[in-house]
Amino acid sequence: MTPLFRALVVLSVTLICSWGAVYYAYALTAPLIAEENGWSKPFVYAGFSLTMVVAGLASPWVGRAIDRHGGRVVMTAGSLVAALGLALLGLAHGEIAFLIACAVCGGGMAMTFYDAGFATLTWMDVGRARRAITIVTLAGGLASTVFWPLTQWLLTFLDWREVCLAYAALHALVCAPLHYFALPHEPISDHGRSAPLDQRALDAEPLQGRARWEAFGLFALLLVAQGFVSNGIAIHLLPALSDLGTDPRSAILVGSLIGPAQVSARLLDLAFGRVIAPMSLGLAAIAAMPLAFLVLLLAPLGGAALVAFALLYGFGNGLLTIARGVIPLTLFGREGYGGMLGLLAAPTLIVQAASPTVLAIASASLGVRPMLWICAASVTFAFLAMVGLAVRFSSRPVV
């Protein structure tokens, strides 16, 4: 087994576990946390917002650390930090203890989620970065599909605290050893197998000066606007569908379809990505999201509309995750790639931090449909930012 293949297998497993246990499971545990402790739901979602703020503040540091040292030590430490955060959450009694646990989870999130994985793979073998990024996102896209039903099943015989402790053990006993023993100590030196198309893109002159910061600004706006929605929807989708009249089992089923849609989109990129420019990839990704919300809001609510929403939303989210890793590489180059991802992640995660609380307040004060219209407007803004980026920098080569 080659070092790159071993890393791809490991990161595929650990990304599912990290996203599933730290991120997606909160959609099911948050109402239980509020009910048991007598806290308001906005306060519980504010705890998750704190998680995102800490992740955003830590992301530039994490990216620079991976640029210097690779992902082995950083991601191993991240799994242990995530395990500590989940354990503290399961043991928390009182508001302060709860918020401390959420903050610790944020540190683990910054060190184990996609940006850390993308930076690790690019540090290992920049010549095959796009294909490697696509492969790990194939697995990561299944996190909601695996962990929403898994968490729902665990909650039939465990309470939410015991579920948090079980997921803490998963990170400490499975993810941390996998990161430490399977990720390489040093970059892979043999890039001879990199395709000429890949190498031509990697050798292109990175943007400099004003153009570099114009591209950074547009791409950051896109990620912020889309991330606001993706983070809020991950937490509010199931309750929102229930409030619209969908029974809980159907809501879980619809939510679970997003994962396979993401994976299908990534399979298409794996098959045809070598001839698709990064800007075209980004446009296709973000265009699907306004369409998804328009279907949900304007079509008669029923099985067809819900499935169409899940497929369009999952397709767009699946491709955009790849574009998030590939577009910075082709615009800004390989040097300092992890740090650049961290800089892009910082405002994205900080804005994402507000979305569960903002959407919870919007839903409570305005209703579910106005909340969904806010989401539609935000992803439309993201699409316009991507159009501007594509028009300005569409001549960049395929990665």
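The exercises below work through a predicted model of one protein chain, each with a task and a stepwise solution.

**Exercise 1. Overall architecture**

Task: Determine how many helices and strands the protein chain contains, and how its radius of gyration relates to the globule rule.

Solution:
- Step 1. The secondary structure of the protein chain consists of 16 helices, with zero strands.
- Step 2. The radius of gyration is 20 Å, which is close to the 21 Å that the globule rule gives for 399 residues, so the chain is as compact as a globular protein of that length.
- Step 3. Along the principal axes, the C-alpha trace spans about 60 × 45 × 35 Å.
- Step 4. Of the 399 residues in the protein chain, 59% are buried, and about 14800 Å² of the chain is exposed, with carbon and sulfur atoms supplying 70% of that area.
- Step 5. Turning to contacts between residues at least 6 apart in sequence, one finds that 86% of them join residues at least 24 apart.
- Step 6. For the charges, the mean position of the 21 positive ones and that of the 18 negative ones are 7 Å apart.

**Exercise 2. A salt bridge between two helices**

Task: Find which residue the side chain of R324 meets in a salt bridge, and establish what parts of the chain the pair ties together.

Solution:
- Step 1. A search of the whole structure yields four salt bridges, and one of them joins the side chains of R324 and D115, with an N to O distance of 2.7 Å.
- Step 2. Because R324 belongs to helix α14 (residues 303-332) and D115 to helix α6 (residues 114-124), the pair ties together parts that are 209 residues apart in sequence.
- Step 3. The accessibility of each partner can then be classified, with 20% relative accessible area as the limit under which a residue is buried: R324, at 21%, counts as partly exposed, whereas D115, at 13%, counts as buried.

**Exercise 3. A network of charged side chains**

Task: Work out which residues are joined into one network by salt bridges that share partners, and where these residues lie.

Solution:
- Step 1. The side chains of E214 and R210 meet in a salt bridge at 3.0 Å, N to O; both residues lie in helix α11 (residues 209-243), four residues apart, which is about one turn of the helix.
- Step 2. E214 counts as partly exposed at 27% relative accessibility, while R210 counts as exposed at 70%.
- Step 3. The side chain of E214 also meets that of R392 in a salt bridge, again with 3.0 Å from N to O.
- Step 4. R392 lies in helix α16 (residues 368-393) and E214 in helix α11, so this pair ties together parts that are 178 residues apart in sequence.
- Step 5. R392 is itself partly exposed, having a relative accessible area of 43%.
- Step 6. Through the shared partners of these salt bridges, R210, E214 and R392 are joined into one network.

**Exercise 4. The surroundings of V81**

Task: Describe where V81 lies and which residues V81 is in contact with, leaving aside neighbours within four places in sequence.

Solution:
- Step 1. V81 is part of helix α4 (residues 71-91), and its relative accessibility of 26% places V81 among the partly exposed residues.
- Step 2. Once the neighbours within four places in sequence are left aside, V81 is in contact with V104, G107, G108 and M111.
- Step 3. For G108, the separation from V81 is 27 residues along the chain, yet the C-alpha atoms of V81 and G108 are separated by 4.9 Å.

Methods. Residues are numbered from 1 along each chain as its sequence is written. This is a predicted model: local features need pLDDT of at least 70, side-chain atom pairs count only at pLDDT 80 or more; totals for chains, interfaces and linings use all residues. Side-chain values use heavy atoms; hydrogens and water are left out. Buried means under 20% relative accessible area, exposed over 50%, partly exposed in between (1.4 Å probe, protein chains only). The radius of gyration is taken over C-alpha atoms; the globule rule is 2.2 Å times the number of residues to the power 0.38. Contact means heavy atoms within 4.5 Å. Accessible areas come from the Shrake-Rupley method with a 1.4 Å probe; for residues, only the protein chains shown count as cover. Lys and Arg count as positive and Asp and Glu as negative; His and the chain ends are not counted. The place of a charge is taken as NZ of Lys, CZ of Arg, CG of Asp or CD of Glu.
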